[in-house]
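Q: Please take a close look at the aromatic rings in this structure. How do they pair, and what sits around them?

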Amino acid sequence: MLDMDVTKQPRRISEWDAVLHAVLSADDNDEQTWLEWKSALDLRSKEQMATVVAKAIIAMANREPDKAATRVGGIGILLIGIEPGTVHGVKPVDNADLDKLITPYVGADGPVWSPHWTRFQGHTVLIIEVAAPQWGDPIHCFHKEAPGVPDGAVFVRKLAQSTRANHLDIARLGDRRAARIPDTFDVSVSVESARPLSRYGWRPEHLERFLVLQKQEMMKPLTAARERRTRSAPAETLIAKIMAQGGSGVSGLGLNGLSGKIAEDRSEE
C-alpha cells in the first residue's frame, strides 16, 4: 500500500519527494487510477512517447471528476525513471522537445499536462502531472495515429491500467461532457452618492399613492391635448357655420369683409 498523504495535491518539492518515497517503498501492484510509473523510457522516442506517455495522459484525463477529486486533488501522476525498489533515472530532455513529441498525439486542445524534473537519490526523475478532469470536459482521444493506436482512439483508466474505452466508457464520457457547468459572471453592484441615501419602506397605501402619481404623470400629454381641443372648439364651430352658409352669413356674424379675405379651400372636393 502507498504510504503517502492522498488528501491533498502535491505542490512543493518535499511533497513530491514524499510521492517518490511512497512509490519506492510500494508493491508492484500499488499503481492507481491516478498514479502510474515506468522504470525507464527513451524520452526521444516518438513511439514510446505516443504509446506510453500520451496514452497515460489521455486515460487519466478521461476519469470521472468526482471520483478523481478524492485523491491528490484530482490530478493524474505519471512517474518515469522509478519503480518499487529501484530508482533508474532518465536522461533529461528539453521541455520544448518533450512537448513536440507528446502534443501531436494528445492534441493542442487536449488534456492539460505539465512536466516536473526532480533529483531523487542521485537520479533524475520525470514527473508528468495531468490536470484534474472537470465536468463538461470533452472526450479526450488520440489526435494522430501511433504504432498500434489508430487516430481517434479513446483510453480510460481501469484497474490501474490505461485501456481502450468500450461503449459504456464512451457513454459515461458523453454524460460528463453534457454536464458542462454554464458560464457565470461575477457581478457586484455598488451605489455611490455625495449625500446619504434615504431609506424607504413600502406599504400598500404607499404603492397606491405611487400608482396614482404615475397615472397623473402619464396622462399629462393627453390632458393637455384635450384642453387645447376644448379651447379651439368655439372658433371651429364659427368657421363651420360660415362655410355652411357659403359665406353669406358673414355680415350677420359680425365678420363683414372677412369672407373676401379667406381663400376658399376645395382641395378635398
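A: The aromatic pairs come first, then two backbone details.

This is a predicted model, in which local features need pLDDT of at least 70, side-chain atom pairs count only at pLDDT 80 or more, and totals for chains, interfaces and linings use all residues. Numbering runs from 1 along each chain as its sequence is written, and side-chain values use heavy atoms, without hydrogens or water.

A search of the whole structure gives 2 aromatic pairs (Phe, Tyr or six-membered Trp rings with centres within 6.5 Å; planes under 30 degrees apart are stacked, over 60 edge-to-face, the rest tilted). Tyrosine 105 and phenylalanine 142 have ring centres 6.3 Å apart and planes at 65°, so this pair is edge-to-face. Tyrosine 105 belongs to helix α4 (residues 95–106), phenylalanine 142 to the loop between β6 and β7 (155–158), so the pair ties together parts 37 residues apart in sequence. Helices (H or I, at least four residues) and strands (E, at least two) are DSSP runs, numbered from the N terminus. Both tyrosine 105 and phenylalanine 142 are buried, meaning under 20% relative accessible area with a 1.4 Å probe, protein chains only.

Ring pairs join Tyr105, Phe142 and Phe155 into a cluster. Over the ring of phenylalanine 155 sits the charged end of arginine 164, 5.9 Å from the ring centre (the cut-offs are NZ of Lys or CZ of Arg within 6 Å of the centre and within 35 degrees of the ring normal).

Now the backbone. Most residues other than glycine have a negative phi. Valine 72 has a positive phi of about 40°. Valine 72 lies in the loop between α3 (65–68) and β2 (76–80). Glutamine 121 also has a positive phi, about 50°.

Terms used:
Buried means under 20% relative accessible area, exposed over 50%, partly exposed in between (1.4 Å probe, protein chains only).
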